[in-house]
Amino acid sequence: QSSGDANQASAQITQASHVNKAATTSSPSSATTTTTPSSSSASIDGSDVLALIRQESSLRHPAPSVTKNTQDSGVSTSDQKIAIGYLHVNNGKYKEAIAYFTQMLDSNPMLLGGYLGRGTAFAMVNDLGHAYHDFVQAVHVDPTCADAWKRKAQASSAMGFFSEALMDLTQAIILSKDTDAESYYQRGLVHYKEKNYRRAMNDFKQTVRIDKFHKLAWNHMGLALNAMGQGRESMAAHKVATQIDQDFKEAWTNMAAAARELGRAEEAMSLFNHALEIDPKYVDALHLRGLLMFGTGQHQLAVGDLSAALKVRPSHADCRS
């Protein structure tokens, strides 16, 4: 991925953000747009925030310091203990991690790293209520910890508390002094879930300003653009995502969907085919390619794709209909 490619696409998308302003309207209270995406245009809907807790905010960084109230003489030992708990989480031993962090917190209820670690372990086992509680406690222990606000926002969003998540992510952005691409990206996801595509677009642009190789932001930028009816610019954003990661099947599929909606059937077919070369059982690509074939009169082939998708995911209602 060359910086020229990213910069060129960013210029196209920046220009696109000034086009068709009448296509969306915002309500002061809800801050959502009236535009809704086509059900066939997005193979990723940006709603899996729980997966972000697992993937994007995994415990891959050094354990945070215990607490600013801890005596200096105890910081090193406590941080080492927290690191052991993080090791449990990273090795998938979530119950052990929860028990380990609980024991630490019983001894020291002001342990920032204990709440962050246990909250993440709870999130890994889908216990969002306890995860949220721990991240709230982490914020109380150290209100200046950007990571605590970000993780609280992830849990809030996963439980549907979007307004709270937006406020928490804004606080994380402020505390990180505008240097954390991930907070912008996750705030963009919340806006996207609320169908506020213009605000989502702005946050995804801020994400790639900080980290131009953030493939997920480029991909979701493409989804937001397509939802606003800007298919060509959408394809440009998805193309950057595929240049960053050539095996990014979701971005290839989303680019194909945008091409299909632009009436570029041959190009869309080629892009769907490429996505399925990466993963022949990728349900979204099979489904959308099937719709393309049906629309171009290739009914037998369409049935083949939709049937193949149902074999992988029998509950896929759109393929059945």
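A residue is called buried when its relative accessible area is under 20%, exposed when that value is over 50%, and partly exposed in between. This vocabulary will be useful below, where a predicted model is described.

Lys195 provides a starting point, in the loop between H9 and helix H10 (197-210). Its relative accessibility is 34%, and Lys195 therefore counts as partly exposed. Most residues other than glycine have a negative phi. Lys195, however, has a positive phi of about 65° although it is not a glycine. Asn126 is another residue of this kind, with a phi near 65°, a positive value in a residue other than glycine. Asn126 belongs to the loop between H5 and H6, and because its relative accessibility is 48%, Asn126 counts as partly exposed.

The discussion now turns to the packing of helices. Two packed helices are described by the angle between their axes and the distance between the axes. For helix H9 (residues 181-193) and helix H11 (residues 215-227), the axes come within 11 Å and cross at roughly 25°. H9 and H11 are therefore roughly parallel to each other, and H9 passes H11 in a left-handed crossing. On the H9 side, Tyr185, Leu189 and Tyr192 take part, and they meet Leu216, Ala217, His220, Leu223 and Ala224 in H11. By class, the residues of this contact are seven nonpolar, one polar and no charged.

H4 and H5 offer a second pair, with axes 9 Å apart and an angle of about 155°. This angle makes H4 roughly antiparallel to H5. The crossing of H4 and H5 is left-handed. Among the residues that form the contact are Ala97, Phe101 and Leu105 of H4, together with Gly113, Gly117 and Arg118 of H5. Nine nonpolar, four polar and one charged residues make up the contact of H4 with H5.

Phe101 also leads into the interior of the model. The largest nonpolar core has 27 residues, and those with the most contacts inside it are Phe101 and Leu116. Two or more residues of this core come from each of helix H3 (72-90), helix H4 (94-107), helix H5 (112-124), helix H6 (128-141) and helix H7 (146-158). H5 gives the largest share, seven residues. When neighbours within four places in sequence are left aside, Phe101 is in contact with Ile82, Gly85, Tyr86, Val89, Gly113, Gly114, Gly117 and Arg118. A second, separate core has 25 residues, including Ala275, Leu286, Met293 and Ala309.

Note on methods:
Residues are numbered from 1 along each chain as its sequence is written. This is a predicted model: local features need pLDDT of at least 70, side-chain atom pairs count only at pLDDT 80 or more; totals for chains, interfaces and linings use all residues. Side-chain values use heavy atoms; hydrogens and water are left out. Axes are lines fitted to C-alpha atoms, for helices over the stretch in contact, and angles run from 0 to 180 degrees between N-to-C directions. Helices (H or I, at least four residues) and strands (E, at least two) are DSSP runs, numbered from the N terminus. Angles under 35 degrees count as roughly parallel, over 145 as roughly antiparallel, 65 to 115 as roughly perpendicular and the rest as oblique. A crossing is left-handed if the near helix is turned anticlockwise from the far one by less than a right angle, and right-handed if clockwise. Contact means heavy atoms within 4.5 Å. Ala, Val, Leu, Ile, Met, Phe, Trp, Tyr, Cys and Pro count as nonpolar, Asp, Glu, Lys and Arg as charged, and the others, Gly among them, as polar. A nonpolar core is a set of buried Ala, Val, Leu, Ile, Met, Phe, Trp, Tyr and Cys residues joined through side-chain atoms within 4.5 Å. Buried means under 20% relative accessible area, exposed over 50%, partly exposed in between (1.4 Å probe, protein chains only).
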